[in-house]
Amino acid sequence: MKRSEIKKAQDRAYKMFVRAGIALTQTERANIEVADFGLGKLEKTGLEIVTYVNTERVCAKELVLFPSQVCPQHRHPTVNGRPGKEETFRCRMGTVYVYVPGEETKKRAVEPPKNGAYSVFHEIALKPGDQYTLVPDTWHWFAAGPEGAIVSEFSTTSTDEAD
């Protein structure tokens, strides 16, 4: 991604934080991570992240999803003998649709991008105040509704680079 595209996405994510009443420090604002997963299709597949803390035991993040943006299917497996990440998503603004193993939801709110490998389609809709916990090594993907979403993630140590 070009630096100008990253800056534009950071500014857009920051405006969503302001709208949701979530305060960020100047350092957090300047370091909003913009992830397009190497696909170059940020509007459709991507995620904006602020990591508050990531220690040997815990991790806390804010995840911003632009309208209808999808975070691709992935899992958090065991790495070097250490169990994968357990994570709880708590919706703060908008609606986020989490897809996990289970009975397939026939009339899903979101269809995955056609350019990816998606295999779990049990839909859980989270509105502000709702939360859902994923155990380690669970395949999942998630997407924002048409208004976008902000999700707080509370988890064990994040080793996302190994997912």
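**Exercise 1. Is Glu 87 buried or exposed?**

Solution. The model is predicted: local features need pLDDT of at least 70, side-chain atom pairs count only at pLDDT 80 or more, and totals for chains, interfaces and linings use all residues. Residues are numbered from 1 along each chain as its sequence is written, and side-chain values use heavy atoms, with hydrogens and water left out.

Step 1. Take the cut-offs: buried means under 20% relative accessible area, exposed over 50%, and partly exposed in between (1.4 Å probe, protein chains only).

Step 2. Apply them. Glu 87 has a relative accessibility of 2%, so this residue counts as buried.

Step 3. Place the residue. Glu 87 is found in strand E5; strands (E, at least two residues) and helices (H or I, at least four) are DSSP runs, numbered from the N terminus. Of the 14 residues of E5, 12 are buried, so the strand is largely enclosed by the rest of the structure.

Step 4. List the surroundings. Leaving out residues up to four places away in sequence, Glu 87 touches His 76, Tyr 132, Thr 133, Leu 134, His 140, Glu 153, Phe 154 and Ser 155. Contact means heavy atoms within 4.5 Å. Gly 40, by comparison, is 47 residues from Glu 87 in sequence and 27 Å from it in space, C-alpha to C-alpha.

**Exercise 2. Find which strands pair with E5, and by how many bridges.**

Solution. Two strands pair if DSSP finds at least two bridges between them.

Step 1. Start with strand E7 (residues 131-134): 4 bridges join it to E5, and the two run antiparallel. Here Glu 87 stands opposite Leu 134.

Step 2. Go on to E8, which is joined to E5 by 11 bridges, also antiparallel. Val 98 stands opposite Phe 142 in this pair.

Step 3. Finish with strand E6 (residues 122-126), which pairs with E5 in the antiparallel sense over 5 bridges. The partner of Val 96 in E6 is Leu 126.

Step 4. Follow E8 (residues 140-155) to E4, with which it forms 3 antiparallel bridges. Phe 142 appears here too, as the bridge partner of Cys 71. In E4, 5 of the 5 residues are buried, so this strand is largely enclosed by the rest of the structure.

**Exercise 3. Trace the pairing from E1 to E3 and inspect the loop after E2.**

Solution.

Step 1. Strand E1 (residues 33-35) and E2 run antiparallel, joined by 3 bridges. Glu 33 has Ile 49 as its bridge partner in E2.

Step 2. E2 and E3 also run antiparallel, with 6 bridges between them. Lys 61 in E3 is the bridge partner of Thr 51. The connection from E2 to E3 is a hairpin through 4 residues.

Step 3. Thr 55 is found in the loop between E2 (47-54) and E3 (59-65). Its relative accessible area is 36%, which makes Thr 55 partly exposed. The C-alpha atoms of Thr 55 and Thr 157 are 6.1 Å apart, although 102 residues separate them along the chain.

**Exercise 4. Compare the backbone and exposure of Ser 68 and Asn 80.**

Solution.

Step 1. Ser 68 sits in the loop between E3 and strand E4 (70-74). Its phi is near 65 degrees, a positive value in a residue other than glycine. With a relative accessible area of 42%, Ser 68 is partly exposed.

Step 2. Asn 80 lies in the loop between E4 and strand E5 (87-100). Its phi, near 50 degrees, is likewise positive in a non-glycine residue. Asn 80 is exposed, at 81% relative accessible area.

**Exercise 5. Describe the chain as a whole.**

Solution.

Step 1. Count the elements: the chain has 2 helices and 8 strands. Their order along the sequence is α-α-β-β-β-β-β-β-β-β.

Step 2. Check the compactness. The radius of gyration is 15 Å, close to the 15 Å that the globule rule gives for 163 residues, so the chain is as compact as a globular protein of that length. The radius is taken over C-alpha atoms, and the rule is 2.2 Å times the number of residues to the power 0.38.

Step 3. Look at burial and contacts. Buried residues make up 48% of the 163 residues. Among contacts with a separation of 6 or more, 72% are between residues 24 or more positions apart.
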